[in-house]
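User: I am new to reading protein models. Can you take me through one, feature by feature?

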Amino acid sequence: MLTSGWKSVSMVDVHGKVTFTLWLCGCNLRCPFCHNWRIAEGLDCFPLDRKALLDELEASAFLIDYFHVTGGEPLMQWRELSSLFAEVKLLDVPVSLNTNLTLVGPLEKLLKADLVDHIATDLKAPPALYGLPEKPAEKLWRLFLRGLEVVSDYGIPLELRIPVAKGFDAWPYIEEGLRRVKTDFYVVLNPLVGRPLTNPRDEDWCSEHCWPGREVEELRERLEELGIAVHVNQFMEGSPGQALSSSV
Ligand code: SF4
């Protein structure tokens, strides 16, 4: 497997939980705000030393709530990930997967094998946030909605992250996504930030759409009116070599 590294104890990658976090390389999306684009594009990556990882995980297991895998998009390497999760399960450590939920077939295989205990995903609304042409982006949005249904079918607890950008009418998509969620979940709002805090993939896009203002509070109010638990992050998921970075 190709990785960019791991952190044996992290308190910032899953809300309110302590995780052992592994970053895997590659991604099928091109989000313009991505701060992990070097990992997503397979740069700064090296083969995973599985034995070293599992030894370190075993040593930290008493401290952590989840073995959390993020990226990039971890399901790009789903076969190897499946066997890694099986080994982690032998250590009696719960597994959390951060995925963009568009690789639905691989996702379903892992859930069917009972290898995942928690999912974190981004509801990227509108699908223009995928950074792809309109037609593929709409198709990926439909796959994401299907992914939400699959997670719900298996009753996996969900951290639903919503990246908040400036200048889009995201609410119709957010509502469409929320209608698919029928499992335990809470929302984490991630205001998109750019330089100097992060190094986004597309600085021009970010100068137009990053650093939202009132959008964040407005969205929080709308979600809370629906009775949804909402947390607001000022910072994104951390990764090795970056003070702040985005999630999948
Ligand atoms: S934000 Fe996540 S899904 Fe988007 S390109 Fe980056 S790693 Fe991939």
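Analyst: Let us begin with a loop. G72 lies in the loop between β4 (66-70) and α3 (78-90). Keep in mind that this is a predicted model.

User: What kind of peptide bond runs from G71 to G72?

Analyst: The general idea comes before the case. Most peptide bonds are trans, and most residues other than glycine have a negative phi. Here the bond from G71 to G72 is cis, and its omega is near 15 degrees.

User: Which residues does the cis peptide bond with omega of about 10 degrees join?

Analyst: That bond joins R195 and P196. P196 sits in the loop between β8 and α7 (203-209).

User: You also mentioned phi. What is the phi of L101?

Analyst: Phi of L101 is near 65 degrees. That is a positive value in a residue other than glycine. L101 belongs to the loop between β5 (95-98) and α4 (104-112).

User: Now the sheet. How do I read one, and what is the strand order here?

Analyst: Strands of a sheet pair through backbone hydrogen bonds, and the pairing is parallel or antiparallel. In this model, an open sheet has nine strands. The order is β3-β1-β2-β4-β5-β6-β7-β8-β9, and the pairing is mixed.

User: Which strands stand at the edges?

Analyst: β3 (46-47) and β9 (230-232) do. Each has a single partner strand, so one side of each has no neighbour in the sheet.

User: Do β1 and β2 run parallel or antiparallel, and how many bridges join them?

Analyst: Strand β1 (residues 2-10) and strand β2 (residues 19-24) run antiparallel, joined by five bridges. Take G5: its bridge partner in β2 is W23. S10 has T19 in β2 as its bridge partner.

User: How many bridges link β1 and β3?

Analyst: Two bridges, again in the antiparallel sense. L2 stands opposite P47 in β3.

User: Next, helices. How is a packed pair described?

Analyst: Two packed helices are described by the angle between their axes and the distance between the axes. Apply that to helix α6 (residues 171-180) and helix α8 (residues 214-225). Their axes come within 12 Å and cross at roughly 35 degrees. The crossing is right-handed.

User: Which residues of α6 and α8 meet?

Analyst: From α6, W171, I174 and L178. From α8, L219, R222 and L223. The residues of this contact divide into five nonpolar, no polar and one charged.

User: Last feature: pockets. How do I find empty space, and how much lies in the largest pocket?

Analyst: Rolling a probe the size of a water molecule over the atoms shows where empty space is left. The largest pocket holds about 270 Å³ of space. It is lined by 15 residues, and the closest to its centre are F168, A170, W171, E215 and L219.

User: Which elements give two or more residues to that lining?

Analyst: β7 (158-164), α6 and α8. α8 gives the most, with four residues. The lining divides into ten nonpolar, one polar and four charged residues.

User: So which residues should I look up again?

Analyst: Try W171 and L219. Both take part in the contact of α6 with α8. Both are also listed among the residues closest to the centre of the largest pocket.

Note on methods
Residues numbered from 1 in each chain as written. Predicted model: local features only at pLDDT ≥ 70, side-chain atom pairs only at ≥ 80, totals over all residues. Heavy atoms only, no water. Axes fitted to C-alpha atoms, helices over the stretch in contact; angles between N-to-C directions. Left-handed = near helix turned anticlockwise from the far one by under 90°. Contact = heavy atoms within 4.5 Å. Nonpolar A, V, L, I, M, F, W, Y, C, P; charged D, E, K, R; others polar. 1 Å grid on protein atoms, 1.4 Å probe; cavity = no way out; pocket = protein on both sides within 12 Å on 5 of 7 lines; lining within 4 Å. Points joined across faces, edges and corners; volume = space filled by probe spheres on them. Pairing = 2+ DSSP bridges.
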